[in-house]
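The following exercises concern strand pairing, burial, nonpolar cores and enclosed space. Each task is followed by a worked solution.

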Amino acid sequence: MNDFVCVVIDDDPGFLGQASDAFGGATVYQNIGEALHRVQQGGVDLVVIGPSHAKSEDGVKQFGEFLDMDPNLPMVLVAPVVNALLLKAALRTGLRDVIEAPLSATKADEIMSEIARAPRRSVTSTPSVTAAPVPEGKVITVSSAKGGSGKTVTATNLGILLARALGPDRVIIVDADLQFGDVCLVLQLEPKYTVVNATQELGRLDESLLRSFITKHSSGLSVLAAPLEPAFADDISSRMITDIIARLRTMFDYVIVDTASLLDETLLSLFERADQVLYVVDMDLPSVKNAKLAFETLRLLQFPSSKISLVLNRSNARARLDEHEIERSLKIEIAAAVPSDGLVPASVNEGRPVVESAPRSKVAKGFESVARLVAPTAFEADNKKGKRRK
């Protein structure tokens, strides 16, 4: 890749030499101002930020100035240790990725190959035509801290309700549980393509190609399926999945993201980019305990609690916990509750969500309360009817 232009910034001459070799003759700078001037000249494909600037959040945030100049400029940070606080600062600044030192030639080749697959980016100081902003849909991330809490069932029933209210091709579910995603199983779909195909084509992924990887449900709901084998998850980075979601939100009114019950880099990236997080908690102690630990971590990361809506699943279970005690423990109010009902496991086995198979049931009404959290105006008429019936 002789025409690949890489700029490396760090205080340590040793790292600069190592990076220059790894990237095949990158231009190196110890002075950030000089590097910024080089980027301003245009034609830079990648900026690599060295470990000297990974010691604090402020050290990372100062590179936002580069992205103010060119919002599409790929930037990666090389850090001695990748932790949640550093990752959060990088994501909020707009960096594409954070990789752990040491920087090897193999890692450098992977980064360059990934970026080279995308169209070459350049800086233009005065664009001749100002493009109209593309309307963006809302990203709703559905999560839980414990497997079996009802996260996927909540996501699929929510998707069906929104698709029914808004019409076909307006709502999509992305199964981001990359190892053990069950969205297609719950909806009884057999996908021909999955998110793996989308990530393999990122460099030329336009709307038409992305739509070809989507599986359609009879309700009008669209689905981007999880990998068919767990091993494929290793080939999908957090940046890849968030990139695809960013593209989908320009194509759909609502992008529902079903996630794995694992507080890792991918989930934090998905949270950062979500408009709303539906956090599903089951009525048992392990689920509440895990949710408490997850919420404490999110508070340490200063994740805005206003984004989170707590959904209580199996709210009428026999081993019932006190709802007020749950709210006190988690320091968040319950926004919606879904009762326990034998109709739910039956609907999963049949591959037909309960809002379709038993729309008048109490559990279906519980999922409708979740849908109203997400799209209150779409269910406004139902709300008024409900008030009149009272």
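**Exercise 1.** Identify the bridge partner of Ile173 in strand 10, and describe how strand 7 pairs with its neighbours.

*Solution.* Step 1: Ile256 is the residue of strand 10 that forms a bridge with Ile173. Helices (H or I, at least four residues) and strands (E, at least two) are DSSP runs, numbered from the N terminus. The model is predicted, with local features requiring pLDDT of at least 70 and side-chain atom pairs pLDDT 80 or more, while totals for chains, interfaces and linings use all residues. Residues are numbered from 1 along each chain as its sequence is written, and side-chain values use heavy atoms, without hydrogens and water.

Step 2: Strand 7 (residues 171-175) pairs with strand 10 (residues 254-258) in the parallel sense over five bridges; pairing requires at least two DSSP bridges between two strands.

Step 3: Strand 9 (residues 222-224) is also parallel to strand 7, to which three bridges join it. There, Leu224 stands opposite Val174.

**Exercise 2.** Determine why strand 7 is described as largely enclosed by the rest of the structure.

*Solution.* Step 1: Buried means under 20% relative accessible area, exposed over 50%, and partly exposed in between (1.4 Å probe, protein chains only). Step 2: Five of the five residues of strand 7 are buried, so the strand is largely enclosed. Step 3: Val171, Ile173 and Asp175 point one way, and Ile172 and Val174 the other way. In a regular strand, side chains alternate between the two faces of the sheet.

**Exercise 3.** State which residues touch the most other members of the largest nonpolar core.

*Solution.* Step 1: A nonpolar core is a set of buried Ala, Val, Leu, Ile, Met, Phe, Trp, Tyr and Cys residues joined through side-chain atoms within 4.5 Å. Step 2: In the largest core, of 75 residues, Leu248 and Tyr279 touch the most other members. Step 3: Beyond four places in sequence, Leu248 is in contact (heavy atoms within 4.5 Å) with Ile172, Val174, Leu210, Ile214, Leu224 and Val255. Step 4: Another core, of 37 residues, lies apart and includes Tyr254 and Ile256.

**Exercise 4.** Describe the lining of the largest cavity.

*Solution.* Step 1: A cavity is a set of points on a 1 Å grid over the protein atoms alone where a 1.4 Å probe fits but cannot get out; lining residues have an atom within 4 Å of a point. Step 2: The largest cavity holds about 80 Å³ of space, the volume being that filled by probe spheres set on the points. Step 3: Helix 5 (84-93) and helix 12 (265-272) each supply at least two lining residues, and helix 5 gives the most, with four. Step 4: The lining includes Lys88, Phe271 and Glu272.

Definitions and conventions. On a 1 Å grid over the protein atoms alone, a cavity is a set of points where a 1.4 Å probe fits but cannot get out, and a pocket is an open set with protein on both sides within 12 Å along at least five of seven lines; lining residues have an atom within 4 Å of a point.
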